[in-house]
Amino acid sequence: MKNTFLYFIFLSFFIFAATGCSKDEEDYNADTAPSYYKPLEYEKMVASIAITSTVDKKDYSWTYNFVYDAQNRIKEINGTSKFYENKIKQFCEGTIQTNYYYNNETLKIEYVYDIYVPRTGESKNIPGKYYGCFDKEDGKLIQFDAFDCEYEGLMLSKVYTDYGTSFGLEYDRNNNIIKTYQFDSMGYKPVEKTIQTYKYSFYKNKTNIDFASFLGYNIAERITACNTLHPYELFHLGAFEMLGARGTYLPEGEWEFDTEGYPIKYVSPKNRTYIITYKE
């Protein structure tokens with residue numbers, strides 16, 4: 001698969017260079033760009049998710065603002081964060097701008113992550129470009145950055161990385177991710193210490209966001225190197241159903257809903273609070 005894909009992604013890079021993306025991104029039209037990825041239609045689209053948490057008497061916050069194109073694909077994510085960085089033992093402020101570019105089988109993501117330390121005045125600018133490839137038949141990502149995806153039907157079942165490690169995902173009958181793990185060096189048995197298990201509420205998810213993936217249940221996204229600098233996935237590929245079909249139910253925790261049954265507030269078992277707003 002990888003050898004075939006290397007040729008495929010090289011061809012995709014050439015297509016990007018020959019069209020709008022390298023030749024000044026202002027030539028790229030998000031509303032008309034073709035793509036094999038076609039998200040499902042939902043009546044209400046999540047506009048933002050604001051997260052707050054207090055750990056060891058330290059306050060943390062993250063805000064994500066979502067912008068969509070005319071085809072309901074994610075077009076931009078921008079937001080802010082305030083967090084305590086353990087390595088430098090300082091509070092930091094961050095801003096992130098992420099842009100998505102579609103071209104048939106190819107996905108290109110560009111992001112800029114700025115980190116600022118108010119106490120010292122230090123700042124760090126972290127830009128990045130990442131590429132992936134969609135399957136022509138059903139629009140799922142078959143590769144992104146340093147990992148390849150294997151599916152069973154519409155569900156992501158295994159992830160192979162360029163580092164020689166592989167990961168597995170298990171689901172319940174409602175397509176909810178209930179277990180993730182790393183395989184042993186032979187690629188057969190789960191490594192016990194890596195097993196993560198997840199539980200769900202009885203509330204069906206009516207939004208366009210897969211909250212389980214947004215919370216990090218989909219192990220594939222944590223493999224991307226840039227995510228080690230950030231507590232949540234930067235690109236939310238699973239949240240927007242690029243990594244296969246999503247689960248039916250919302251994760252376990254305390255949920256509040258509007259009069260139409262859409263979630264507007266969530267308090268996780270770890271006592272993080274999520275405020276959800278919707279596109280008008």
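User: Is Glu170 buried, exposed or partly exposed in this model?

Analyst: This is a predicted model. Glu170 has a relative accessible area of 32%. Buried would need under 20%, and exposed over 50%, so Glu170 counts as partly exposed.

User: Which residue does the side chain of Glu170 meet in a salt bridge?

Analyst: Start with the general idea. Side chains of opposite charge can pair when their charged atoms come close. Here the partner of Glu170 is Lys179, at 4.0 Å from N to O. Lys179 is partly exposed too, at 28% relative accessibility.

User: How many salt bridges does a search of the whole structure find?

Analyst: The search finds 7. One of them joins Arg73 and Asp69, at 2.7 Å from N to O. Both Arg73 and Asp69 are buried. Another joins Glu260 and Lys44, at 3.3 Å from N to O.

User: Why does the pair of Glu260 and Lys44 tie together parts that lie apart in sequence?

Analyst: Look at where each residue sits. Glu260 is in the loop between strand S15 (254-257) and strand S16 (263-267). Lys44 is in the loop between helix H1 (2-18) and strand S1 (46-55). The two parts are 216 residues apart in sequence, so the salt bridge ties them together. Glu260 is partly exposed, at 48% relative accessibility. Lys44, at 18%, counts as buried.

User: Which residues does the salt-bridge network around Lys44 join?

Analyst: Salt bridges can share partners. Here such sharing joins Lys44, Asp258 and Glu260 into one network. Read the polar contacts of Lys44 next. Its side chain has a polar contact of 3.0 Å with the side chain of Asp258. With the side chain of Glu260, the polar contact of Lys44 is 3.3 Å.

User: What else is Lys44 in contact with, beyond its neighbours within four places in sequence?

Analyst: Asp258 and Glu260 are on that list. So are Thr207, Asn208, Tyr262 and Tyr278.

User: Now the strands. How many bridges join strand S3 to strand S4, and which way do they run?

Analyst: First, a general point. In a regular strand the side chains alternate between the two faces of the sheet. In this structure, S3 (residues 74-85) and S4 (residues 90-103) are joined by 10 bridges and run antiparallel. Find Ile77, then look across to Thr98 in S4, which stands opposite.

User: What is the bridge partner of Thr98 in S5?

Analyst: Tyr111 is the partner in S5. S4 and S5 run antiparallel, with 11 bridges between them. They form a hairpin with 2 residues between the strands. Check Asn104 in the turn: its phi is positive, about 55°.

User: Which residues touch the most other members of the largest nonpolar core?

Analyst: Again, the idea comes first. In soluble globular proteins, nonpolar side chains tend to be buried together. The largest nonpolar core here has 65 residues. Phe66, Leu107 and Met242 touch the most other members. Strand S5 (residues 106-117) gives the largest share of this core, 6 residues.

User: Last feature. How many disulfides does the structure hold?

Analyst: A disulfide is a covalent bond between the sulfur atoms of two cysteines. This structure holds 0 disulfides. You can still read the cysteines for burial. Cys133 has a relative accessible area of 0% and is buried. Cys149 is buried as well, at 5%.

Technical notes: Residues numbered from 1 in each chain as written. Predicted model: local features only at pLDDT ≥ 70, side-chain atom pairs only at ≥ 80, totals over all residues. Heavy atoms only, no water. Core = buried A, V, L, I, M, F, W, Y, C linked by side-chain atoms within 4.5 Å. Buried < 20%, exposed > 50% of the residue type's maximum accessible area, 1.4 Å probe, protein only. Helix = DSSP H or I, 4+ residues; strand = E, 2+ residues; numbered from the N terminus. Pairing = 2+ DSSP bridges. Polar contact = N/O pair within 3.5 Å; in protein donor to acceptor, adjacent residues only side chain to side chain. Contact = heavy atoms within 4.5 Å. Disulfide = S-S within 2.5 Å.
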